[in-house]
Structures are given as structure tokens and as C-alpha cells.
Amino acid sequence: MAGKVWKYITEKLESEGACHFTLLDPDPLSTTIENVLELGTLAEKAGSDALMIGGSTIFGVIDDAVSKITEAVDIPTILFPGNITGVSEHADAMFFMSLLNSNNPYYIIGAQALAAPQVKRTGIETIAMAYLMVAPGKTAAWVGDAKPFLRDKPKLPAMYAIAAELLGMKLVYLEAGSGAEGGGVPPEMIGTVSKVIDIPLITGGGFNDEKSVVTAVEAGASIVVQGTYIEKHVQKDGGEELAKIVKGLKAAGAKRV
Ligand code: 1GP
């Protein structure tokens, strides 16, 4: 049976055409729980559809942050683990993800296997997701020992995306890496990949303004993720600009319904 969060995502995509997700990185070395909580509540207020929680490097335990964020918002919280350190039972769901273009089997299936018994025992909803690293890939590509797809070669991730769908995965994530320069994953790549699959495409990494977010949706992305933008801006204007970005994304999504 489909879990609650997956049902929420698919129903939203059906009725609104596209979703905006916020990435929160609760790493205790670089932020505080209070700060992450404020970012999450402001993002919810601005209309973001879900909060993803995770990061490539976690110095500490994220349990407390995950449970406080989940308590503070009404939108779903979804774990976005970069490793077994990103697992917690306090989120509403978890992206159970595999970095398919890693050179290291640990990131394709090793970490997943190590975490699987605990994940299964907690009963948290899991959503199987292919994680595909696009250049520059930034920290996530370095940590995940990836061979990032070249930005001008969309057919390569397209093959992986079809393979992911045939393997039964529910989502494909095209990731340029948090803080990527160049306005996110190229629209040509988003277009090529989204056309060859029947499952929703998520993209993130370097989408720092309304134009790049809207372009991604127009190119075929179902979900656009913003992390760095939110960290840098929402506290300054109370999320006013983010609300405009979400509005723009929804307007582009509505054309696809
Ligand atoms: C990283 O795709 C996300 O995993 C978000 O990237 O921080 O660049 O928005 P940004």
C-alpha cells in the first residue's frame, strides 16, 4: 500500500503539476536546531510543499532536529540521507536512495543494506529514489565517489533514469550538488530525462532564483529542491521572495495539469 507521504506527493503533482521542496541540513557543526526550525517554518509559510532533511556531511546526531522540525510543521518531512548517519525514525518518510552513478558500491547498495534492518524496524515510510549526480556535483559527488554526468550529455542520465524506473524506483533525482554554480541542472538535460521516464523527476543543486526554478519545471521537472537559497534569504525577508518563487513554480506546473 502506498504510504501517506507518497500519496501526498502524487496527489499534489496530479492537481498542481509541480512541487517545491526545501532542503534543510541540520548538521550541528554549521547550524543550530533553532535556526533550522526557523528556516523550515518560514519555508512552509512561503508555500513549500515538503521539507527534506539531510546532508553529505553530518557531524553528530540529527534525531533531535528531525523530531523538532517534524513537530513544528504540517507539511511532510522527508529524510534525504547521504549515509547511514542520516537515518532517523522521527521524519514522516525517507527517500531510500541509491547513487546509481557512483564508482563505489557502498553508495549504490552498501550503506542501504547496513541501514535497512533499522529502517524496516522503525516502520518509517520509504520512497525508493534514484540519485543521479550531474557535474559539478560539489560535496555530494566527492563524498559519494560519483562519476558526475557531463552537463552537455543528457543521454547518459536518461539511460540511468530508465533503468531506475525499470528497477521499480519511484523517483529520479538529478542533482548538480548543493551550491552548484550555473543555475542548476541544464534544462536540456531535464527535458531529455523527463521525456523518457514515466516517474516524476526531482532536481536540485544551484536553483537560486525564480527564473531557474520555473525553467526547470517548464523543461519537465516535477519537483524542484532549494536549500542554499533558503539558508541565505528567507530569514532576511520573512520568506516573501520564496513565496514568489513558489508561486512562479506553481504557475508553470498548472500549465502541465
Ligand atoms: C542539494 O539539491 C539540493 O542536495 C539543494 O541544492 O543547496 O544548491 O539549493 P542547493
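The following paragraphs describe a barrel and the helices packed around its strands in a predicted model.

Local features rest on pLDDT of at least 70 and side-chain atom pairs on pLDDT 80 or more, while totals for chains, interfaces and linings use all residues. Residues are numbered from 1 along each chain as its sequence is written, and side-chain values use heavy atoms, with hydrogens and water left out.

Eight strands form a closed barrel in the order β1-β2-β3-β4-β5-β6-β7-β8, with parallel pairing (strands are DSSP E runs of at least two residues, helices H or I runs of at least four, numbered from the N terminus; pairing requires at least two DSSP bridges). From one strand to the next, the twist averages 30 degrees. Strands β1 (residues 19-24) and β2 (residues 50-53) are joined in the parallel sense over four bridges, and T22 has L51 as its bridge partner in β2.

Helix α2 (residues 33-45) packs on the sheet, touching β1 and β2 (contact means heavy atoms within 4.5 Å). The direction of α2 makes about 175 degrees with that of β1 (axes are lines fitted to C-alpha atoms, for helices over the stretch in contact, with angles from 0 to 180 degrees between N-to-C directions). Helix α7 (residues 187-196) lies across β6 (171-175) and β7 (201-204), at about 160 degrees to β7.

In helix α4, Y107, A111, Q112, A115 and V119 are buried (under 20% relative accessible area, 1.4 Å probe, protein chains only). The buried residues of α4 pack against β4 (93-99), β5 (125-133) and α5 (138-143). Just after α4, G123 adopts a positive phi of about 80 degrees.

Methods: Buried means under 20% relative accessible area, exposed over 50%, partly exposed in between (1.4 Å probe, protein chains only).
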